[in-house]
Amino acid sequence: MMVVLSGLLAASLAIGLPVGSAYADEPTDGTGAGTSATEVLDSLEVKGRAPKTGYKRTQFGKAWADVDHNGCDTRNDILNRDLTGVKHKWRTHNCVVKSGKLHDPYTGKDIKFKKGKKTSTAVQIDHVVALSDAWQKGAQKLSEERRTALANDPYNLLAVQGRANQKKSDGDAATWLPSNKGFRCEYVARQIGVKHKYSLWVTQAEKKAMAKVLSSCPTQTVPDYTGVKDSTAEKTTESEQTEQTQTEQSAEQAQQTQQTTQAPAPEPAPAPAPAPQPAPQQDVYYQNCTAARAAGAAPIYQGQPGYRSQLDRDHDGVACE
């Protein structure tokens, strides 16, 4: 028995694991969930950023593919997960989100979401580890199937404020952190979990920035859940939502009855015209979504180079999604 234990101890030391390491009980999802984020960070390979040569969005599969085969695309899966008070578009089997409210983890602000050509971009789905960043730090060596999994992994996706997502772009922890300082520890820990799961490396500057954030929260562990745990955001239960819908329907019926028995009320004053949207830049033109995906530009949000309403089939402000 002692010989066996000695052999196990020697094997642990040989591969660089400390005795009693939490990796012995690491979850099968490969994230290192529940383990000290600092410990998992120290296990990641540190290398320089590889060239971006060859990167295209299509290298990570079709945008928002239904990889879990639940009949709903990844974008709407995340909206359904992260928004509260969700209402769905008719006849989409509770998939396409029509409206809801987001407690944005990046800014700490509450944002009302309404699907539409000029409103959908207020809430966007962010890759916590940006795809082009992943490409330059090991993803180019992964199979296309594995890259598609990375691009659609709920663990690597968060619904966030559109402006914050645009500012982040493809930055890593060394170049961008959420303005909501209370979320930075979890944000960095989630990036570490994603990189551990998909065998991606970090640069020296990135590791230094992550370690600096984690120094303020030494007990931070790698998240073991797909959504953001936020005790301040009010969650609407299914029964509450049903009750709310019934109340709204009753109110509409009562209003219709009142309108038939009373003289018609004067027409309300017209709503103020919406603020004009900035015209999309014309220096980029994609003949179709196939061309946009081939260039690695899809999805294209309204206001970004290459966006055209002809490419936005459902007119929600996101083309070639």
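## The nonpolar cores

In this predicted model, the largest nonpolar core contains 38 residues, and those with the most contacts inside it are F60, Y106, I192 and L200. The elements that give two or more residues to this core are the helices α2 (37-43), α4, α5, α7 and α8 (204-214), together with the strand β5. Of these, α7 gives the most, with 6 residues.

I192, one of the residues with the most contacts inside the core, shows which parts of the chain are brought together here. When its neighbours within four places in sequence are left aside, I192 is in contact with A37, V40, L41, L44, M210 and L214. Apart from the largest core lies another one, made of 14 residues, and V86, L102, V123 and A159 are among them.

## Helix α5 and its surroundings

Helix α5 covers residues 144-152, and its buried residues are R147, T148, L150, A151 and N152. What covers these buried residues includes three helices, namely α3 (74-82), α4 (131-135) and α7 (184-197), as well as the strands β4 (123-127) and β5 (157-161). Helix α5 is also one of the elements that give two or more residues to the largest nonpolar core.

## Two serines

Are S132 and S215 buried or exposed? S132, which lies in helix α4, has a relative accessibility of 5% and therefore counts as buried, since buried means under 20%. Not counting residues up to four places away in sequence, S132 touches K52, Y55 and D170.

S215 lies in the loop between α8 and α9 (238-261). Its relative accessibility is 54%, so S215 counts as exposed, a word that is used for values over 50%. The C-alpha atom of S215 is separated by 9.1 Å from that of C185, although these two residues are 30 residues apart along the chain.

## The largest pocket

Rolling a probe the size of a water molecule over the atoms shows where empty space is left. In this model, the largest pocket holds about 700 Å³ of space. It is lined by 26 residues, and the ones that lie nearest its centre are Y55, S169, G296, P299 and Q304. The elements that give two or more residues to this lining are β4, α4, α6 (162-168) and β6 (300-301). Sorted by class, the lining of the largest pocket has 14 nonpolar, 7 polar and 5 charged residues.

Y55 appears twice in this picture, as a residue that S132 touches and as one of the residues nearest the centre of the largest pocket.

## The cavity

How many cavities of 30 Å³ or more does a search of the whole structure find? The search finds 1, and the largest cavity has a volume of about 30 Å³. Its lining is formed by R75, N76, L79, V96, V97, F113, K115, S120 and D316, which divide into 4 nonpolar, 2 polar and 3 charged residues. Helix α3 gives the most to this lining, with 3 residues, and α3 is also among the elements that cover the buried residues of α5.

## An annotated region

For residues 285-321, an unreviewed UniProt entry lists "domain: Excalibur calcium-binding". Over these residues the chain of the model is 16% helix and 11% strand, and the C-alpha atoms at the two ends are 17 Å apart.

Notes. Residues are numbered from 1 along each chain as its sequence is written. This is a predicted model: local features need pLDDT of at least 70, side-chain atom pairs count only at pLDDT 80 or more; totals for chains, interfaces and linings use all residues. Side-chain values use heavy atoms; hydrogens and water are left out. UniProt positions are given in the numbering used here, feature names are shortened, and annotations may be inferred rather than shown by experiment. Helices (H or I, at least four residues) and strands (E, at least two) are DSSP runs, numbered from the N terminus. Buried means under 20% relative accessible area, exposed over 50%, partly exposed in between (1.4 Å probe, protein chains only). Contact means heavy atoms within 4.5 Å. A nonpolar core is a set of buried Ala, Val, Leu, Ile, Met, Phe, Trp, Tyr and Cys residues joined through side-chain atoms within 4.5 Å. On a 1 Å grid over the protein atoms alone, a cavity is a set of points where a 1.4 Å probe fits but cannot get out, and a pocket is an open set with protein on both sides within 12 Å along at least five of seven lines; lining residues have an atom within 4 Å of a point. Grid points are joined across faces, edges and corners, and a volume is the space filled by probe spheres set on the points. Ala, Val, Leu, Ile, Met, Phe, Trp, Tyr, Cys and Pro count as nonpolar, Asp, Glu, Lys and Arg as charged, and the others, Gly among them, as polar.
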